[in-house]
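Thanks for coming. I'll go through one model this morning, starting with a term and then moving from a loop to the strands and the helices.

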Amino acid sequence: MFGSSRKTPEEKAAAQRQRQVTAAAAAAGVTIMGGKVRMPNQQPIPIEGARITIEAGETARKRITATRVALIGIFAIWAKKDMSQLFITIEHDEGIVLVPVPARKEAAARVFATMVNGEATSVTRPEQD
């Protein structure tokens, strides 16, 4: 009627999936715009092809990761993490984004990670000594 720019069923499905991932990310406190994860003071990275891990604050505190060193440099050794938070790490070939999320958003973070990873994602908990 107004032109021949109709979307194929595959394009419609991809657009619907992108909307669902964006909504799940927003519920977990992660911003996705234009297919990229965008967080303050961090380089935007594509969400397609990314891998997401979730860690509880205590576990993350015990482990000084290459991610933290890459994000805040040598000062990662002295940086403290809030133990009432979860930390979502989004890794892609183009970079890494570290997102602190309140622990009360754990369920939303899991849904988001599962949608992106294509499999259920657990939260890494501290080891009991």
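A residue counts as exposed here when its relative accessible area is over 50%, as buried when that area is under 20%, and as partly exposed in between. Please keep in mind that what you see is a predicted model.

Take Asn41 as the first case for those cut-offs. Its relative accessible area is 85%, so Asn41 is exposed. Where does Asn41 sit? It is in the loop between β2, residues 36–37, and β3, residues 45–46. The backbone of Asn41 deserves a look too: phi is near 60°, which is a positive value in a residue other than glycine.

Now the overall layout. There are four helices and seven strands in the protein. Going along the sequence, the order is α-β-β-β-β-α-α-β-β-α-β. The protein has 129 residues, and 33% of them are buried. How much of the contact set joins residues 24 or more positions apart? Among contacts with a separation of 6 or more, such pairs make up 61%.

Some examples of pairs that are distant in sequence come from strands β5 and β6. I'll begin with β5, which runs over residues 85–92 and includes His92. Is His92 buried or exposed? Its relative accessibility is 18%, and because the cut-off for buried is under 20%, His92 counts as buried. Apart from neighbours within four places in sequence, His92 touches Ile45, Pro46, Glu48, Gly49 and Ala50. For one of these, Gly49, we have a C-alpha to C-alpha distance from His92 of 6.6 Å, with the two positions 43 residues apart in sequence terms.

Thr89 is also placed in strand β5. With a relative accessibility of 7%, Thr89 counts as buried. The C-alpha atoms of Thr89 and Ile52 are 5.6 Å apart, and the two residues are 37 residues apart in sequence.

On to β6, residues 95–102, where Pro102 is found. Pro102 has a relative accessible area of 28% and is therefore partly exposed. Outside its neighbours within four places in sequence, Pro102 makes contact with Ser84, Gln85 and Leu86. Its C-alpha atom is separated by 8.7 Å from that of Ala28, a residue 74 positions away along the chain.

Gly95 is in strand β6 as well. With neighbours within four places left aside, Gly95 is in contact with Ile45 and Ile90. Ile45 has already come up as a contact of His92. Gly95 and Gln43 lie 52 residues apart in sequence, while their C-alpha atoms are 7.4 Å apart.

Next, the helices. Helix α1, residues 9–28, packs with α4 at an angle of about 150°, and the two axes are 8 Å apart. Which way do they run relative to each other? That angle makes α1 roughly antiparallel to α4, since angles over 145 degrees are put in that class. The crossing of α1 past α4 is left-handed.

Which residues meet there? From α1 they are Arg17, Gln20, Val21, Ala24, Ala25, Ala27 and Ala28, and from α4 they are Ala108, Ala109, Val111, Phe112, Met115 and Val116. By class, the residues of this contact comprise eleven nonpolar, one polar and one charged. Ala28 is on that list, and it is the residue whose C-alpha distance to Pro102 I gave a moment ago.

Last, the salt bridge. How many does the structure hold? The structure holds one. Side chains of opposite charge can pair when their charged atoms come close. Here the partners are Arg110 and Glu106, and their closest N and O atoms are 3.2 Å apart. Both residues belong to helix α4, residues 106–117, and they are four residues apart, about one turn of the helix. The two partners fall into separate accessibility classes: at 33%, Arg110 counts as partly exposed, whereas Glu106, at 18%, counts as buried.

To recap, we have an exposed Asn41 with positive phi in the loop between β2 and β3. His92 and Thr89 are buried in strand β5. Helices α1 and α4 pack at about 150°, and α4 carries both partners of the salt bridge. I'll stop there and take comments.

Methods. Residues are numbered from 1 along each chain as its sequence is written. This is a predicted model: local features need pLDDT of at least 70, side-chain atom pairs count only at pLDDT 80 or more; totals for chains, interfaces and linings use all residues. Side-chain values use heavy atoms; hydrogens and water are left out. Helices (H or I, at least four residues) and strands (E, at least two) are DSSP runs, numbered from the N terminus. Buried means under 20% relative accessible area, exposed over 50%, partly exposed in between (1.4 Å probe, protein chains only). Contact means heavy atoms within 4.5 Å. A salt bridge is a side-chain nitrogen of Lys or Arg within 4 Å of a carboxyl oxygen of Asp or Glu. Axes are lines fitted to C-alpha atoms, for helices over the stretch in contact, and angles run from 0 to 180 degrees between N-to-C directions. Angles under 35 degrees count as roughly parallel, over 145 as roughly antiparallel, 65 to 115 as roughly perpendicular and the rest as oblique. A crossing is left-handed if the near helix is turned anticlockwise from the far one by less than a right angle, and right-handed if clockwise. Ala, Val, Leu, Ile, Met, Phe, Trp, Tyr, Cys and Pro count as nonpolar, Asp, Glu, Lys and Arg as charged, and the others, Gly among them, as polar.
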